[in-house]
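Please open the structure in your viewer and keep the selection tool at hand. The stops below move from one part of the model to the next, and each says what to select and what is there.

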Amino acid sequence: MKYLHLVWASLFRRKTRTVLTLVSIIAAFLLFGLLDAVRTSFSQAGQSANGAARLQTGSKLSFIQTLPLSLTQQIERVDGVKAVAYANWFGGAYQDPHNQVFSFAVAPNYLDLFPEVAVSDAERKAFIGTRTGALVGEKLAQRFGWKVGDRVPLQSNIFPDRSGSKNWQFDIVGILHATDKKTGGFFDQMFLLNWKYFDETTPYNQGAAGWYVTRVTDVNQADRVAKAIDALSANSDHETRTQTEQAATASWMKQLADIGLIVGSIMGAVFFTLLLLSGNTMMQAVRERTSEIAVLKTIGFSGRSVLAMVLAESVLLLMLGGLIGLGLATLIIPAVSAGSGGMLNLPSVGSGSWMLGVALMAGIGIVVGALPAWNAMRLNIVDALAGR
Amino acid sequence: MPQLIEIRDLSKVYERGRQKVEVLHHIDLDVAQGDFVALMGPSGSGKTTLLNLIGGLDVPTGGSISVGGQRIDQLKSAALAKWRASRVGFVFQFYNLMPMLSAQRNVELPLLLTKLSAAERKKRAAIALQLVGLADRASHKPTELSGGQQQRVSIARAIVSDPMLLVCDEPTGDLDRQSAEDVLALLRVLNRDHGKTIVMVTHDPKAAEYAHRTHHLDKGSLVGQAETLAVEA
């Protein structure tokens, strides 16, 4: 600790260079915090107590392949199944193609399988009784200023009606509320439309479902039930893959993009660049202090002390920038989540991320400081003082 | 006076690539405790090399050096560093202060190697600065001081841990005449009043006049010694 002022003063000997390097480190660790939150958010998708009791059945080939509706009765007969519903992706956009809406055509009993979504009985009844009825999540309604009774147009980016138009009209009959805002923010963004209206209006879907949702009577039997459901379509032209909701969500997301790989690749590139940048800073910083290091050794600082001081300087640089960066990420993430209106539900920078971050700071600090520290330790006093 | 420095048959050979350059040849030299010795000679005569060996900054190729009864030529690198920290103070031609530290912090540097508390370090640094007449410049950075003042800070740094020996390499080489005389007068006070043994390399005959005796080197050998009538304050 008594060397701290010396290490600190050495670090800020060239203020502009150190500040610029610090800004780079702050940016890198801010990005690390944000991307790690995205990765964690994706890996936690579908994790809930209710989700554990639900299975999703989709095509074994691809999530865009549909399955025959006739599977409904067959799945219902599987031992251990409590209820079955089906749904299909609608792919709606409101007013502008950029205003994508999480819209699904769903079976009338769909919400029976999602007790974590609150909707009044009257609104449920209105949904079932209104052909063009739609139930919308509260955040989605807030986003576009919708209310019950409004007629809203959505443009499907997949399904046209029989006249070839992709413009669909819906009557909002109820508002959906996620009971757990932390894990169920997705439900507040949903737009559910009647299966019958969807199936009869578009010529492209008759008799097919995008996926099935099955609620099991016993969570511990979920694996057996999943295998039994898949056995129903074995060796057919519509073989299925049944997974828990969490696994299905992860698999679905992986078909869209491997978030873990993307985040890992970006962070790998960022930290590699940071390694070169801060390594260069440290090499320059030590090289231009050759005579000062020689003086320290002259007055009695041992080679090991000098090595430790240069390493400490390098680790301090990384720690300073890294802690500020991760701290900023901690502050920014709730704001990003709030600003997305529930679209993004990023978890705060957790203790695991902090520990990994600090380990990275220390590790990168040691790596970038190692060579200049080694050179400083081996510095020949006489040569250095003579400017050789 | 007992001998503080005893040098016997000292040689130093540098290897520059495949070439071997013998810089010092079989030097014998004694410096008494409390003495003030100047080393003079033309460039390349080996005077700085001899000073570096006396200060324990370099190790000889042959022969022996004892300082205060300690064979420093036999010490390993870490032990030599420890020995320098407690026994020798260094004054350089270009002051070699840490530009990012205040005068006070520069003077405190050697004390970081001791077990003294922060308060005690600060107190001793203040005393050393007072001794060199710069108590009022303690918070100034080197760039805010004149050359002469910087050299006096470096002398304060050299004496703060109360070493028995001061080695000075051209301490006035970068100073104007007045500042040089101030610095030399200060060295004389440290020698006369505080008993510091001083070995100083210089090109300047006027600076050498402040020493008790002058040794001349040429081509790596001692070629003569002269007593000086030291300049009195």
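In what follows, two strands pair if DSSP finds at least two bridges between them. Please keep in mind throughout that this is a predicted model.

Begin in chain B by selecting β1, β2, β4 and β5, and you will have the 4 strands of an open sheet, which follow the order β2-β1-β4-β5 with antiparallel pairing. Its edge strands are β2 (19-32) and β5 (70-71) of chain B, each of which pairs on one side only. Stay with the β5 side of the sheet and select β4 (residues 62-67) of chain B as well, where 2 bridges join β4 to β5(B) and the two strands run antiparallel. To place this pairing at the level of residues, label B:Val67, which stands opposite B:Gln70 in β5(B).

Before leaving this sheet, select B:Asp9, which lies in strand β1 (residues 3-16) of chain B. Most residues other than glycine have a negative phi. B:Asp9, although it is not a glycine, has a positive phi of about 50°. Is this residue buried or exposed? B:Asp9 counts as exposed because it has 12 C-beta neighbours inside 10 Å, and the exposed class takes in residues with 12 or fewer.

Next, select β3 and β6 to β10 of chain B, the 6 strands of an open sheet with mixed pairing, arranged in the order β6-β7-β8-β3-β9-β10. The edges are held by β6 (88-91) and β10 (221-227) of chain B, and each has a single partner strand, so one side of each is left without a neighbour in the sheet. From one strand to the next, the twist averages 20°. At the β6 edge, add strand β7 (residues 165-169) of chain B, which runs parallel to β6(B) and is joined to it by 4 bridges; here B:Val91 stands opposite B:Cys168 in β7(B).

Move now to the loop between β9 (213-218) and β10 of chain B, and select B:Lys219 there. Phi of B:Lys219 is near 50°, a positive value in a residue other than glycine. With 14 C-beta neighbours inside 10 Å, B:Lys219 counts as partly exposed.

Finally, show both chains and select their contact, which takes 18 residues from chain A and 20 residues from chain B. On the side of chain A that touches chain B, α1 (4-11), α11 (290-298) and α14 (381-385) of chain A each supply at least two residues, and α11(A) gives the most, with 5 residues. Coloured by residue type, this side of chain A divides into 7 nonpolar, 7 polar and 4 charged residues.

Conventions: Residues numbered from 1 in each chain as written. Chains lettered and ligands numbered in written order. Predicted model: local features only at pLDDT ≥ 70, side-chain atom pairs only at ≥ 80, totals over all residues. Contact = placed C-beta atoms within 7 Å. Nonpolar A, V, L, I, M, F, W, Y, C, P; charged D, E, K, R; others polar. Axes fitted to C-alpha atoms, helices over the stretch in contact; angles between N-to-C directions. Buried ≥ 20, exposed ≤ 12 C-beta atoms within 10 Å, placed from the backbone.
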